[in-house]
Amino acid sequence: MTVDALTDVAGVRVGHATCDGEGWLTGTTVVLAPEGGAVVAVDVRGGGPGTKETDALDPRNVVQRVEAIVLTGGSAYGLDAASGVMAWLEERGRGVRVGPDPRHVVPVVPAACIFDLGRGGDFRARPDAATGRAAVEAAAASGPGAAVAEGVVGAGTGASVGHLKGGVGTASTVTESGFTVAALVVANAAGEVMDPRTGVMYGELYGGRVVYPSAEVHEAAARSIAEAAARNTLPPLNTTLAVVATDADLSKAQAQKLAGTAHDGIARAVRPVHLLNDGDTVFALATADRPLPPKQPLALNELLAAAADTVTRAITRAVRAATPVAGPGGLWPSYTELYGTRN
């Protein structure tokens, strides 16, 4: 049984820590690999990234397997959340062995952040090590193949897309050859996710049935969006983050190619994309449960195409799952509030 989520890749777990009390609108999401780790790579396309330990993922470097990935709010401050995940992993002896004692490990925890500072009203309200620990504990406590909460949760709590509320979304697919490819995104783009002429989300133009809203609904939505944009004063500093996971046995170089192609999924759903005030970052995670067909160097193509498609669908799910937020930090209507659910 699948749940159309990142957790459809066997052994992968997801946990959220949401901080949305007075003055807060932020959080952290942790993707926990199976014990023993997974091959992880990264591709950064945005001009203003905030990341940690991404150099370790370069195929030329020594680290071969990673135990967890952190996606977090709080801009660069929020990268502290990775420290809580590192501590949790160290306590369990999970990480890169650096000595004869099994307890002597250094967990390599790549992390990336979105800009959501001040969106809850308090600029200093941002994730820390305790937030990261709460998220990894939630991931560890979840069952195999558990459903993943979407919308205004975890690292997507303070996310926005254009002038709409953003959030977390996830999706999965099984390729014709039987490989599982899944994605989890934090949709927090400076660009727009919908065509301003019609109200249709760009990502929904790629596959499936497109439902165009009536002119009256679109005109009312446009007025609401303009009113929200006029009220908000925070700078358009954003970032879309994604983790693409597969059960395929990939090298670090192949995983890096997967991460790079998955960015095409963001480009289909967000316009413009990869701006200087975005930090768009995609991680690719491979659990190595299923080998690629031997002597078929182009077999990876199937996974590359699936990754881009799945990221696009995860972004549209994030936007549809988001709920509106109105508070001291700003006003962000939700797409579903304005346009309704898709028939």
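These are questions and answers about a predicted model.

Student: How many disulfides does a search of the whole structure find?

Tutor: A disulfide needs two cysteine sulfur atoms within 2.5 Å. For Cys 19, the nearest cysteine sulfur is that of Cys 113, and it is 15 Å away. Cys 113 is likewise in no disulfide. The number of disulfides found in the whole structure is zero.

Student: Is Cys 113 buried or exposed?

Tutor: Buried means under 20% relative accessible area, and exposed means over 50%. The relative accessible area of Cys 113 is 5%, so Cys 113 is buried.

Student: Which residue meets Asp 58 in a salt bridge, and is that residue buried or exposed?

Tutor: The side chain of Asp 58 meets that of Arg 60, with 2.6 Å from N to O. Asp 58 counts as buried because its relative accessibility is 18%. Arg 60 has a relative accessible area of 73%. The partner is therefore Arg 60, and it is exposed.

Student: Which residue meets Arg 103 in a salt bridge?

Tutor: Arg 103 is exposed, with a relative accessible area of 63%. The other residue is buried, at 18%. The two side chains meet at 2.7 Å, N to O, and the partner of Arg 103 is Asp 101.

Student: How many residues apart in sequence are the parts that Asp 309 and Arg 268 tie together?

Tutor: The side chains of Asp 309 and Arg 268 meet in a salt bridge of 2.5 Å, N to O. Asp 309 lies in helix α6 and Arg 268 in helix α5 (residues 252-269), so the pair ties together parts whose separation in sequence is 41 residues.

Student: Which residues are linked with Asp 4 in a network of salt bridges?

Tutor: The structure holds 13 salt bridges. Some of them form a network in which Asp 4 is linked with Glu 150, Arg 313 and Arg 317.

Student: With which side chain does the side chain of Arg 320 make a polar contact?

Tutor: Arg 320 lies in helix α6, which spans residues 300-321. Leaving aside neighbours within four places in sequence, its contacts include Met 201, Tyr 335 and Arg 342. The polar contact, at 2.7 Å, is with the side chain of Glu 204.

Student: What accessible area do Leu 205, Tyr 206 and Tyr 212 have together?

Tutor: Leu 205 lies in the loop between β12 (180-187) and α4 (215-231). Leu 205 is partly exposed, with a relative accessible area of 40%. With Tyr 206 and Tyr 212, Leu 205 forms a nonpolar patch on the surface, and their accessible area together is about 330 Å².

How values were computed. Residues are numbered from 1 along each chain as its sequence is written. This is a predicted model: local features need pLDDT of at least 70, side-chain atom pairs count only at pLDDT 80 or more; totals for chains, interfaces and linings use all residues. Side-chain values use heavy atoms; hydrogens and water are left out. Buried means under 20% relative accessible area, exposed over 50%, partly exposed in between (1.4 Å probe, protein chains only). Patches are made of residues with over 30% relative accessible area and no salt bridge: like charges are joined within 9 Å, nonpolar side chains (Val, Leu, Ile, Met, Phe, Trp, Tyr) within 5 Å. Accessible areas come from the Shrake-Rupley method with a 1.4 Å probe; for residues, only the protein chains shown count as cover. A salt bridge is a side-chain nitrogen of Lys or Arg within 4 Å of a carboxyl oxygen of Asp or Glu. Helices (H or I, at least four residues) and strands (E, at least two) are DSSP runs, numbered from the N terminus. A polar contact is a pair of N or O atoms within 3.5 Å; within protein, one must be able to donate a hydrogen and the other to accept it, and residues adjacent in sequence count only if both atoms are side-chain atoms. Contact means heavy atoms within 4.5 Å.
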